[in-house]
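Me: I would like to learn how to read a model of this kind, feature by feature. Could you give me the general idea each time and then turn to the case at hand?

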Amino acid sequence: MFKPVLLLTVALMTATAAPAALRDDILKPQSVRMAEIGRAALAKGEAQAAIDAFEAAIASDPKNVGAYNGIAMGYERLGLPGKAVKFYREALALNPSDLSALEGQGKALIARGATARAQINLARIKALCKTECEPASRLQAALSNATTVAAAAPAPDKPQANN
């Protein structure tokens, strides 16, 4: 008959000796390779090829936060900030503290005219950084630029009523 202490010891040894392939914090090698291909395509300005590679990375390992960010960046380069916001949201669902996703989503929100929501992202970044950090500075600059552009734009003409 096994004693409870022996069973507990065996269970703890098994849990701590889990192979790396079973750990949640390690991405599958195929996913990492596809994400690298996606980053290289983004660097060359090939947004659609990058999106395709990042999608393959996610298909291989749905926990690849960087691949979601990469897809979002690809959509931004294609001029589709709404799709970018969606993929940044996916990245943040996996890692709510991802500064890159918070900054990127904030910039995509600004491109859609949602500066109030971008301010929320800025506040989250500042709370995570605790001191001044580059993602906060860049998002603050983008918000300031959007405010300046909006203030300089001429007021839209009011339609005249036909009497």
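**Reading the features**

Reply: Let us begin with a pair of residues on one helix: Glu-134 and Arg-138 lie four residues apart in helix H8 (residues 134–152), so about one helical turn separates them. Please keep in mind throughout that the model is a predicted one.

Me: What do the side chains of Glu-134 and Arg-138 form?

Reply: The general idea is that side chains of opposite charge can pair when their charged atoms come close. Here the side chains of Glu-134 and Arg-138 meet in a salt bridge, with 3.8 Å from N to O. As for their surroundings, Glu-134 is exposed, with a relative accessible area of 52%, whereas Arg-138 is partly exposed at 37%.

Me: How many salt bridges does the count come to, and which residues are linked in a network?

Reply: The count comes to four salt bridges, and the network links Glu-103, Lys-107, Glu-134 and Arg-138. Within that network, Glu-103 and Lys-107 meet through their side chains in a salt bridge of 2.9 Å, N to O. Glu-103 and Lys-107 are four residues apart in helix H6, and therefore they too are separated by about one helical turn. Glu-103 is buried, with a relative accessible area of 8%, while Lys-107 is partly exposed at 31%.

Me: Where does Asp-61 find a partner for its side chain, and is Asp-61 buried or exposed?

Reply: The side chain of Asp-61 meets that of Lys-63 in a salt bridge, at 3.1 Å from N to O. Asp-61 is buried, with a relative accessible area of 1%, and Lys-63 is partly exposed, with a value of 34%. The cut-off matters for reading these labels: a residue is called buried under 20% and exposed over 50%, with partly exposed in between.

Me: Let us step back to the whole chain. Which kinds of element does the protein have, and how many of each?

Reply: The protein has eight helices and zero strands, so that every element in the order from the N terminus is written α, as in α-α-α-α-α-α-α-α. Of its 163 residues, 32% are buried. The protein exposes about 10500 Å², and carbon and sulfur atoms supply 61% of that area.

Me: What share of the contacts joins residues 24 or more positions apart?

Reply: Taking the contacts with a separation of 6 or more, residues 24 or more positions apart account for 46% of them. A single residue can illustrate how sequence and space are read together: Ala-136 and Glu-103 are 33 residues apart in sequence, and their C-alpha atoms are 7.3 Å apart in space. Ala-136 lies in helix H8 and is buried, with a relative accessible area of 3%. Leaving out residues up to four places away in sequence, Ala-136 touches Leu-122, Ile-125 and Lys-126.

Me: Which residues does Phe-87 touch, when those up to four places away in sequence are not counted?

Reply: With that exclusion, Phe-87 touches Tyr-68, Ile-71, Ala-72 and Tyr-75. Phe-87 is found in helix H5, and at 13% relative accessibility it counts as buried. As a second comparison of sequence with space, Phe-87 and Gly-70 are 17 residues apart along the chain and 8.6 Å apart from C-alpha to C-alpha.

Me: How should I read a polar residue such as Asn-69: is it buried or exposed?

Reply: Asn-69 is buried, with a relative accessible area of 5%, and it is found in helix H4 (residues 65–77). Leaving aside neighbours within four places in sequence, Asn-69 is in contact with Tyr-88, Ala-91, Asp-98, Ser-100 and Ala-101.

Me: Finally, which residues gather in a patch of positive charge on the surface?

Reply: A surface patch is read by asking which residues join it and which element they come from. In this model the positive patch gathers Lys-83, Lys-86, Arg-89, Arg-112 and Arg-117, and helix H5 (residues 81–94) contributes the largest share of it, three residues. Arg-112 is found in the loop between helix H6 (99–111) and helix H7 (115–129), and Arg-112 is exposed, with a relative accessible area of 53%.

Terms used:
Residues are numbered from 1 along each chain as its sequence is written. This is a predicted model: local features need pLDDT of at least 70, side-chain atom pairs count only at pLDDT 80 or more; totals for chains, interfaces and linings use all residues. Side-chain values use heavy atoms; hydrogens and water are left out. Helices (H or I, at least four residues) and strands (E, at least two) are DSSP runs, numbered from the N terminus. Buried means under 20% relative accessible area, exposed over 50%, partly exposed in between (1.4 Å probe, protein chains only). Contact means heavy atoms within 4.5 Å. Accessible areas come from the Shrake-Rupley method with a 1.4 Å probe; for residues, only the protein chains shown count as cover. Patches are made of residues with over 30% relative accessible area and no salt bridge: like charges are joined within 9 Å, nonpolar side chains (Val, Leu, Ile, Met, Phe, Trp, Tyr) within 5 Å. Lys and Arg count as positive and Asp and Glu as negative; His and the chain ends are not counted. The place of a charge is taken as NZ of Lys, CZ of Arg, CG of Asp or CD of Glu.
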